[in-house]
Amino acid sequence: MRPVAIFRHSPTEGPGYFAIFLESRRIPWTLIPLDEGAPVPASAEAYSGLCFMGGPMSVNDDLPWIPPVCALIRDAVEKDIPVLGHCLGGQLMSKALGGQVTRNPVKEIGWAQASANSDAVSRHWLGDFADRELTVFQWHGETFSIPPGATRLMGNEYCANQMFALGPHLGMQCHTEMLPEMIACWCDQWAEEAAAVAHLPSVDTPEAMQAGIPARLPVMRQLADQLYGVWVQGLAR
């Protein structure tokens with residue numbers, strides 16, 4: 001089986017639980033560290049799927065790797081090679097597929113609830129999680145629009161578009177890939193950002209984020225298993 005290509009845009013925003021999920025199912029994967037200057041492949045054909053992780057930059061920034069990444073996403077979609085995006089990755093997917101990425105009304109940082117839709121596409125992706133309140137992890141200040149032809153799967157009061165699907169492709173605003181070590185690292189690395197907006201109801205303190213791990217991470221892990229499980233069914237064999 002061809003490997004899943006996982007694109008990293010920031011050293012501390014690696015694949016996390018997504019890599020653990022793939023390895024538990026003996027699905028090969030390879031890391032493409034764009035943050036270290038790795039070139040963007042010209043074609044998606046060498047991979048069974050593409051996964052894009054998060055990052056502190058904006059898809060609207062003038063960065064040399066953003067146009068070729070968007071072109072690669074379009075290439076994968078044209079060839080029915082599944083694409084998966086987490087946070088910045090979901091925003092890259094939206095931008096590549098004709099959507100827009102703009103400032104969200106508020107920053108979302110930490111644990112959050114999101115409301116899942118109950119239409120047929122949502123039920124396909126979310127299974128028993130459709131039409132329910134779901135626990136997710138957030139760290140973003142921008143938001144994507146739903147690209148043409150895609151279906152919105154969930155949202156919440158602070159960010160209307162939390163997830164979309166287009167055929168075998170899934171774009172997420174939230175971070176379902178989190179590990180306890182990643183949460184601790186982000187809380188330390190971006191403590192000033194969180195402190196600056198700590199007055200917002202959409203923002204957790206670092207202490208609250210870490211205190212919530214025992215109860216909330218296992219619940220989100222069940223959602224991740226559901227979403228990743230559907231996504232890998234579409235991988236090119």
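This section describes a pocket, a helix, two loop residues and one strand residue in a predicted model.

The pocket was examined first. Rolling a probe the size of a water molecule over the atoms reveals where empty space remains. In this model, the largest pocket holds about 300 Å³ of space. Its lining is made up of 17 residues. Those nearest the centre of the pocket are G55, P56, W139, H140 and G141. Two elements, α3 (88–96) and β6 (133–144), each give two or more residues to this lining. The largest share comes from β6, which supplies four residues. The lining is mixed in class. Seven of the lining residues are nonpolar, six are polar and four are charged.

Helix α2 (66–78) was considered next. The helix has 13 residues. From its first C-alpha to its last, α2 reaches 18 Å. That span is close to the 18 Å expected at 1.5 Å a residue. The buried residues of α2 are I66, V69, C70, L72, I73, D75, A76 and V77. These buried residues pack against three strands named here, β1, β3 (49–52) and β4, and also against α3 and β9 (169–172).

After α2 comes D80, a residue with a positive phi. Most residues other than glycine have a negative phi. The phi of D80 is about 60°, although D80 is not a glycine. D80 sits in the loop between α2 and β4 (83–86). Is D80 buried or exposed? Its relative accessibility is 53%, so D80 counts as exposed, the cut-off being over 50%.

D131 was examined in the same way. This residue is not a glycine either, and its phi is positive, near 60°. D131 belongs to the loop that runs between α4 (120–126) and β6. D131 counts as exposed because its relative accessibility is 57%. The strand that follows this loop, β6, is the one that gives four residues to the lining of the largest pocket.

The last residue considered was R8. It lies in strand β1, which spans residues 4–8. R8 has a relative accessibility of 13%. Buried means under 20%, so R8 counts as buried. Which residues does R8 touch, leaving aside those up to four places away in sequence? They are E13, G14, L31, I32, P33, L34, D35 and E36. With E36, the side chain of R8 also makes a polar contact to the side chain of its partner, at 3.1 Å. Strand β1, which holds R8, is also among the elements that the buried residues of α2 pack against.

Definitions and conventions. Residues are numbered from 1 along each chain as its sequence is written. This is a predicted model: local features need pLDDT of at least 70, side-chain atom pairs count only at pLDDT 80 or more; totals for chains, interfaces and linings use all residues. Side-chain values use heavy atoms; hydrogens and water are left out. On a 1 Å grid over the protein atoms alone, a cavity is a set of points where a 1.4 Å probe fits but cannot get out, and a pocket is an open set with protein on both sides within 12 Å along at least five of seven lines; lining residues have an atom within 4 Å of a point. Grid points are joined across faces, edges and corners, and a volume is the space filled by probe spheres set on the points. Ala, Val, Leu, Ile, Met, Phe, Trp, Tyr, Cys and Pro count as nonpolar, Asp, Glu, Lys and Arg as charged, and the others, Gly among them, as polar. Buried means under 20% relative accessible area, exposed over 50%, partly exposed in between (1.4 Å probe, protein chains only). A polar contact is a pair of N or O atoms within 3.5 Å; within protein, one must be able to donate a hydrogen and the other to accept it, and residues adjacent in sequence count only if both atoms are side-chain atoms. Contact means heavy atoms within 4.5 Å. The expected span of a helix is 1.5 Å times one less than its number of residues.
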